[in-house]
Amino acid sequence: MNFKEIIDNVVADGAAYCDIRKEHWNKTALTLKDGVPEMIVQGEEEGAMVRVLYDNGWGCVGTNDIDNLEKVAERAFKMAKKSSEYKRSETDLADIQINRDKVKMSMKEDFREISAEQKLSYLKELESLLDRDFVRSTDLRYRDFLVDKEIITSEGTHIQLQIPRILTYLIITGKSDTIQRASEGYGGTGGYEITEKTFDKAEIVLDRLETLLGASTPPSGRMPLIMDPHLAGVFSHEAFGHAAESDLVASDNSCLKGKLGQKVASDIVTIKDDPTMDGYGSFPYDDEGTKSRVRYLVKDGILNDFILDRENAWKLDMEPNGGARAEDFRVKPLVRMSNTIMEPGEMKFEELLDEVSGKGVYARSSGGGQVSPAQGTFQFNAQEAYLIEDGEIIRPLRDVSFNGFTLETLQNITGITDELETGIGHCGKGQTATVSDGAGHVLISEVMVGGRE
Ligand SMILES: [Zn+2]
């Protein structure tokens, strides 16, 4: 029985909707720690997920037993019937255009044709660039993964996709009176050609670590803060983007609920989430077969859109915009971001500095943190930072952290430079999603700065 027949059977038995997402993965993961290969994982796997909607109840079953998908579909159907008995509220899927398409995202150099040994010697070459006396340890990670996907729905959508992704991560540590750590990653949607651009990152982490080793602890209190493009990108994703995910909005777990059309940021702020641009989070169709498109979440300070899958679009009476992504065939799609960008402004970096009177902080690159989309609060650590006094960069700082209310902070953005730099990330929400984010340098006129706990 082919996939279409399996789906047709489930619908003939009374299901409102059914889809099958079949995936074939090809993955490589290498780790080189202090020059020694610590892990090499290379392999292929295949599996599928069947989703069935029956009388407001969902049944979702993931399997790698794709030869018996008919039985898997029966299980999903039973589960949907069971969950319909417990379901307290109505649910449905907002309509989308029926799509039939086949898209292979381009790979100039196919990483499946490069041996693990060659990939290892690429990491070795990167490691040789990190050989300085202040570097105590190195940890280099290489990952590539290519997925061939097929998404078939009971409505007639049939999408075939091939998406290749690749990334390299560099982490180095050193010690002065305390241990300091610097990291940088580079990657994208594409082939082995992307690794070429990682070599520039070696110099960046070395400079950062050396700076941190000579840095002092930061001042604390409310003050102006300039975020570099990487940190401003992470801020856009973490502090704002998660709150714009429609599942959080629909379940009353977002500070943006009920604020569409309202002013949520200063006039110079425009934030988009764009799976169609080149980036680590790009895809032509989401995992429900919805064609991806750019979502302008904030336009000139006004909340304009959410990231929407079909079910939450139905709940919010909005249009699905390609926001459903699943980590792999084992799990059902969730509402996820892609490439989240705060659009460039008109200022130059020196002009942002000139705006800082008295003490301020120039914070570079993200060192982690936490956010609460429901409460609209954030706390971020900068990997690298500098003290600013009356428009001059004075000295390096370490362990810098800043926190606040997202919406208040977005209103306090008073300058954005005319450049755009992007970074990559893995977003966690129960499942991992490949994402990128970016921005220019961004001046927050006032935010709470303190040392890291
Ligand atoms: Zn995230």
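Two strands count as paired if DSSP finds at least two bridges between them, and strands (E, at least two residues) and helices (H or I, at least four) are DSSP runs numbered from the N terminus. On that footing, β20 and β21 make a hairpin with three residues between them, and Gly430 in the turn has a positive phi of about 85°. The two strands run antiparallel and are joined by eight bridges, with Gly425 sitting opposite Val435 in β21.

This is a predicted model, so local features need pLDDT of at least 70 and side-chain atom pairs count only at pLDDT 80 or more, while totals for chains, interfaces and linings use all residues. Residue numbers start from 1 along each chain as its sequence is written.

The hairpin strands belong to an open, mixed sheet of six, ordered β11-β10-β9-β14-β21-β20. Its edges are β11 (302-303) and β20 (421-428), each pairing on one side only. Helix α5 (residues 229-240) packs on this sheet and touches β9, β14, β20 and β21; its direction makes about 125° with that of β21 (axes are lines fitted to C-alpha atoms, for helices over the stretch in contact, with angles from 0 to 180 degrees between N-to-C directions).

As for the overall layout, the chain splits into domain 1 (3-213) and domain 2 (221-451), with bounds from an automatic or database domain assignment. Contacts (C-beta atoms, placed from the backbone, within 7 Å) link 36 residues of domain 1 with 28 of domain 2. On the domain 1 side, β7 gives the most, with seven residues.

Terms used. Contact = placed C-beta atoms within 7 Å.
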